[in-house]
Amino acid sequence: MFLHDKFGRAITDLRISITDRCNYKCVYCRTGNEGALYGDLPFEDYLRMTRVLVGMGIKKVRLTGGEPLLRKGVVEFVRELSKLRPQELKPTSLSNANGSTEAESFQSAEPLDIALTTNGHMLAEMAQPLKDAGLTRVTVSMDAVDPDRFARITRVPNGYDHVLAGIRAARRAGLWPLKVNCVLMRGFNEDQIIPFGMFAREEGVTVRFIEFMPLEEGRTWAPSTVVTLDEILARMAEYRPLVEIPHARSETARRYRFEDGVGEIGIIAPVSHPFCGHCSRIRITSDGKIRTCLFSVWDHDLHAEMRRGASDEELAEFIQGVVQKKEERHHIGEPDFVPASRTMVHIGG
Ligand code: SAM
């Protein structure tokens, strides 16, 4: 029973938020307030949900939050996840009555692709243990390459050095390729585009610029606050020419390398160039709800099914039903746009 939604999109990527607590208060995400709103679940519950979903064709799992490294036991959780094996499909020699070839699923020999999105503040000490436990990749959020600007955006003093140390420790640990995500918000960091181009070349990381989306707690989003893909490309071209390189269909970022072959950047442009048609993701929130889109106006309580004693088969049936409700696309910037029922920190980006 592999997961497809009613628009024919295969669902192969799962993002799990393991806490909605965060030690940063980034201006594009949060207000200055403290604390988690929804709380979190024991790791064994996330593990069971993931096991069922991997049996339904999930191949990539990304841990997120809140800040996932705040959660004690995350290394052990990664170790447990790394024991799961994704399912593959193999055509059988038999044809069915319609003449089409049937396929049977089998367990891959390859481990699950386990990624992590983190603000990097605690990564320096945790990169190697996470790698040893089976983490495949890491994405670090970093919105300025200048310590003062970094503090203004994150509302945390002295974070910059921690994050830089985290990025370097991840590289040493072999968590590779390493991506650095930068949300651009007009008035805060659009002048960081070229410095980030230099940073990508010097540190050997892929810097990915993300267009600011209306998912922030403060409801400050307006079309004018978005620094668009076209603007980012134009600004970067003032520094050095870029060449577009192919990206996978379900990949969120458009990819570019500098013409001399040194350094790669990506641009995630959900506002100016939506990619919903190729979306392969579902999310589980820290309190165990399934969200079929970042902009969903409702979520689906998988954990309630577990609490009422549902078997794995019943959970799989519930998930199948939920995936059929996956939204076709978001409506950012359109007159009928309705804000998501949760903000990013409580969804898990
Ligand atoms: N704490 C972790 C981190 O900082 O990466 C994981 C959670 S954070 C919510 C996940 C990603 O969402 C980060 O890359 C962050 O920059 C991005 N993000 C948060 N709010 C956003 C917004 N309003 N628009 C676009 N991206 C946003």
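**From one loop residue to the whole chain**

With a relative accessibility of 48%, R219 counts as partly exposed, because that class covers the values between the 20% below which a residue is buried and the 50% above which it is exposed. The model in which R219 is seen here is a predicted one. R219 is found in the loop between strand β8 (206–211) and helix α7 (229–237), and its phi is near 50 degrees, a positive value in a residue other than glycine.

R155 can be read in a similar way, since its phi is also positive, at about 60 degrees, although R155 is not a glycine. This residue lies in the loop between α4 (147–154) and α5, and its relative accessibility of 39% places R155 among the partly exposed residues. If we follow the chain past α5, we come to the loop between α5 and β7 (179–184), which is the place of P177. Here the backbone has another feature to look for, as the peptide bond from W176 to P177 is cis, with omega near 0 degrees.

Helix α3 (residues 123–133) shows how buried and exposed residues can be arranged on one element, its buried residues being L123, M126, A127, L130 and A133. Looking down the axis of α3, we find these buried residues within an arc of 140 degrees, so they line one face of the helix. The general reason for such a pattern is that an α-helix has 3.6 residues a turn, so that residues three or four places apart point the same way. E125 and D132, by contrast, are exposed on the other side of α3. The cover over the buried residues of α3 includes two helices, α2 (74–81) and α5 (159–173), together with the strands β5 (113–118) and β6 (137–141). After α3 comes G134, with a positive phi near 120 degrees.

Stepping back to the whole chain, we can count 10 helices and 14 strands in its secondary structure. The radius of gyration is 20 Å, close to the 20 Å that the globule rule gives for 349 residues, so the chain is as compact as a globular protein of that length. Of these 349 residues, 53% count as buried, while the area that the chain exposes is about 15100 Å², of which carbon and sulfur atoms supply 52%. Among contacts between residues at least 6 apart in sequence, 71% join residues at least 24 apart. Finally, the chain carries 46 positive and 48 negative charges, and the mean positions of the two groups are 1 Å apart.

How values were computed: Residues numbered from 1 in each chain as written. Predicted model: local features only at pLDDT ≥ 70, side-chain atom pairs only at ≥ 80, totals over all residues. Heavy atoms only, no water. Helix = DSSP H or I, 4+ residues; strand = E, 2+ residues; numbered from the N terminus. Rg over C-alpha atoms; globule rule 2.2 N^0.38 Å. Buried < 20%, exposed > 50% of the residue type's maximum accessible area, 1.4 Å probe, protein only. Contact = heavy atoms within 4.5 Å. Areas by Shrake-Rupley, 256 points an atom, 1.4 Å probe, with all protein chains shown as cover. Lys, Arg positive; Asp, Glu negative; His and termini not counted. Charge placed at Lys NZ, Arg CZ, Asp CG, Glu CD. Arc of directions from axis to C-beta.
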